[in-house]
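Please look at the sequence and the three-dimensional structure shown below before reading on. The report is intended to be read with both in view.

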Amino acid sequence: MPLDSRPYVKKLHIKTYGCQMNVYDSAKMADVLAPLGYSQVETPDGADLVILNTCHIREKAAEKVFSELGRLKPLKDANGTLLAVAGCVAQAEGEAILARAPYVDVVLGPQAYHRLPELVARATRGAGAALDTDFPVESKFDHLPAPGANQGVAAFLTVQEGCDKFCTFCVVPYTRGAEFSRDVAAIEREARALVANGVGEITLLGQNVNAFHGVDEAGNELGLGALARRLARIEGLHRIRYTTSHPRDMDDDLIAAHADTPELMPFLHLPVQSGSDRLLEAMNRGHTAQAYLDLIAKLRKARPDIALSSDFIVGFPGETEAEFEATLDLIREVKFAQSFSFKYSPRPGTPAALLDKQIPEAVQDERLYKLQALLREQQDAFNAATVGAIVPVLYERAGRNAGQLIGKTPWLQAVHAQLPDDAAGKVLPTRILASGANSLSGVVHDQTQERLSA
Ligand code: SAH
Ligand code: SF4
Ligand code: F3S
């Protein structure tokens, strides 16, 4: 027995790279380690355990892991800090990590997070490096704890994982495995726990979230539209979003849900990658540019104020100038509220990496610059169009300046306004005063004043 039996609080630092699913997973890893006495700290200095939750999507993202490990090594040498690598690089390159950075204690893939306490315990005993990158038969979701307190106002909830689409450029089907949907009851339980902790907006997550087909208590399969309708009934849940969707899985019921479920926000991230049919085919996206445009038209018919965002890849192998122009044309036609765009990055093990005619970096840079200028223009125009309007803003947290809160419009635009702290969690009508590069400023609209002066 130790003389001092107070539980020793161990310090855990998690650094998260990549997509929102990693953000969600990082929170779950913290939850699963809490019973072992680990509490989260902001920096790796003095931490007992550092977890890098990694992303393999592009080369730059993956390389960051090794440079970060190099920086952490002296900490380990000085304090005995345990180092763990989780996420998609761990899944894809587990063995390589242990070869390149043999001082790493734990390597675990995204499906193994429920086994983290056991792996950490082993490493603590000095039993040597532990590698767990299996796709276990049991689901990690059945073994991860319910969300704790302090979730904030806007939270993520993973409902679907994995990908069966095998776009020729992408590592996700290999790092996250096959498509899998959680059961509806488990999702609803988690959503209710979040709302009970003060959450007012939930973003449903999945690598292909609209491929969701979870089973409910009666054994019926629900699509994402039906799931959204069911969650919308939870008292106190003001807003529901979902990401990332694939155009091929955008079914009529989900489109209808945008029309009949006010809690479902009028914003959709629907990656198209390219406006060229030949490239869409070479990417194995499974639809044409026109099919994408038709889908957008349908969505706009169902929900006229829906705002759209997308991902684009420039410089896919063999992309000609005309094919790149087709992407610009598609962007001009749709008009996106925001977007993400990337230079094609060849990834080990993917078919596109083996294609001839890889595009030189200088050409990729030039195209990315042009594409981003157009997207920027559209984003600015979209934001500027809200100036003067009164829009419902869900306020989330303190802003940078004193007395300021930051919230979001239904269209995912950040808004800051002078407000007391206790307005966090509320949806308040807000007059938009100005639009900056990345956010809007507003003032809460005082309806009583308006009535008095009318
Ligand atoms: N499941 C989502 C995307 C997940 S990856 C979907 O299908 O849309 C996020 C984005 O990263 C992709 O949409 C794509 O634009 C980009 N991406 C993926 N692999 C890439 C690669 N090898 N090079 C450059 N960008 C890539
Ligand atoms: Fe990657 Fe394509 Fe799957 Fe999206 S749909 S995760 S881009 S393979
Ligand atoms: Fe990256 Fe894995 Fe997400 S590769 S984008 S962290 S699914």
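This report describes the ligands, one helix, the domains and several individual residues of the structure.

## Nature of the model

The structure is a predicted model. The statements below should be read with that origin in mind.

## Ligand 1 and its surroundings

Ligand 1 has 15 residues around it, and those that come nearest are Phe-169, Gln-207, Gln-273, Asp-311 and Ser-345. By class, this shell is made up of six nonpolar, four polar and five charged residues. Two strands, E15 (307–314) and E16 (338–343), each contribute at least two residues to the shell.

Oxygen atoms of ligand 1 also lie at short listed distances from side chains of the protein. An N or O atom in the side chain of Asp-311 is 2.6 Å from an oxygen atom of the ligand. For the side chain of Gln-273, the corresponding distance is 2.7 Å, and for that of Arg-285 it is 3.3 Å. Taken alone, ligand 1 exposes 540 Å², and the protein buries 90% of that area.

## Ligands 2 and 3

Which residues surround ligand 2? They are Cys-163, Lys-165, Phe-166, Cys-167, Phe-169, Cys-170, Val-172, Pro-173, Asn-208, His-246 and Arg-285. By class, this shell has seven nonpolar, two polar and two charged residues. Phe-169 thus appears around ligand 2 and is also listed among the residues that come nearest to ligand 1. Arg-285 likewise belongs to the surroundings of ligand 2, and its side chain has an N or O atom 3.3 Å from an oxygen atom of ligand 1.

The residues around ligand 3 are Cys-19, Asn-22, Thr-54, Cys-55, His-56, Ile-57, Cys-88, Arg-176 and Gln-207. They divide into four nonpolar, four polar and one charged. Gln-207 is found around ligand 3 and is also one of the residues that come nearest to ligand 1.

## Helix H1 and the loop after it

Helix H1 covers residues 20–33, which is 14 residues. At 1.5 Å a residue, the helix should span 20 Å, and its end C-alpha atoms are 20 Å apart, so the two values agree. The helix is mostly covered, as 11 of its 14 residues are buried. Among them are Met-21, Asn-22, Tyr-24, Asp-25 and Leu-33. Asn-22 is also one of the residues around ligand 3.

Ala-34 is located in the loop between H1 and strand E2 (38–40). Is Ala-34 buried, partly exposed or exposed? Its relative accessibility is 41%, so it counts as partly exposed. Ala-34 and Glu-201 are 167 residues apart in sequence, and their C-alpha atoms are 25 Å apart in space.

## Two domains

The chain is divided into domain 1 (10–132) and domain 2 (390–453). Taken over C-alpha atoms, the centres of the two domains are separated by 38 Å.

## Backbone features in loops

A cis peptide bond joins Thr-243 and Thr-244, with omega at about 0°. Thr-244 is in the loop between strand E13 (239–243) and helix H8 (252–260).

Two residues other than glycine have a positive phi value. Phi of Gln-273 is near 70°, and that of Leu-412 is near 65°. Gln-273 is placed in the loop between strand E14 (267–269) and helix H9 (277–282), whereas Leu-412 is in the loop between strand E18 (404–408) and strand E19 (414–418). The relative accessible area of Gln-273 is 6%, so this residue is buried. Leu-412, with a value of 26%, is partly exposed.

## Residues with exposed surface

Arg-400 lies in the loop between strand E17 (390–398) and E18. Its relative accessible area is 83%, and it is therefore exposed, because the threshold for that class is over 50%. The C-alpha atoms of Arg-400 and Glu-377 are separated by 26 Å, and the two residues are 23 residues apart along the chain.

Lys-298 belongs to helix H10 (residues 289–302). With a relative accessible area of 43%, Lys-298 is partly exposed. Lys-298 and Ala-256 are 42 residues apart in sequence, while their C-alpha atoms are 9.6 Å apart in space.

Methods: Residues are numbered from 1 along each chain as its sequence is written. Chains are lettered from A and ligands numbered from 1 in the order in which they are written. This is a predicted model: local features need pLDDT of at least 70, side-chain atom pairs count only at pLDDT 80 or more; totals for chains, interfaces and linings use all residues. Side-chain values use heavy atoms; hydrogens and water are left out. A residue is near a molecule or strand if one of its heavy atoms lies within 4 Å of it. A polar contact is a pair of N or O atoms within 3.5 Å; within protein, one must be able to donate a hydrogen and the other to accept it, and residues adjacent in sequence count only if both atoms are side-chain atoms. Accessible areas come from the Shrake-Rupley method with a 1.4 Å probe; for residues, only the protein chains shown count as cover. Helices (H or I, at least four residues) and strands (E, at least two) are DSSP runs, numbered from the N terminus. Ala, Val, Leu, Ile, Met, Phe, Trp, Tyr, Cys and Pro count as nonpolar, Asp, Glu, Lys and Arg as charged, and the others, Gly among them, as polar. The expected span of a helix is 1.5 Å times one less than its number of residues. Buried means under 20% relative accessible area, exposed over 50%, partly exposed in between (1.4 Å probe, protein chains only). Domain bounds come from an automatic or database domain assignment.
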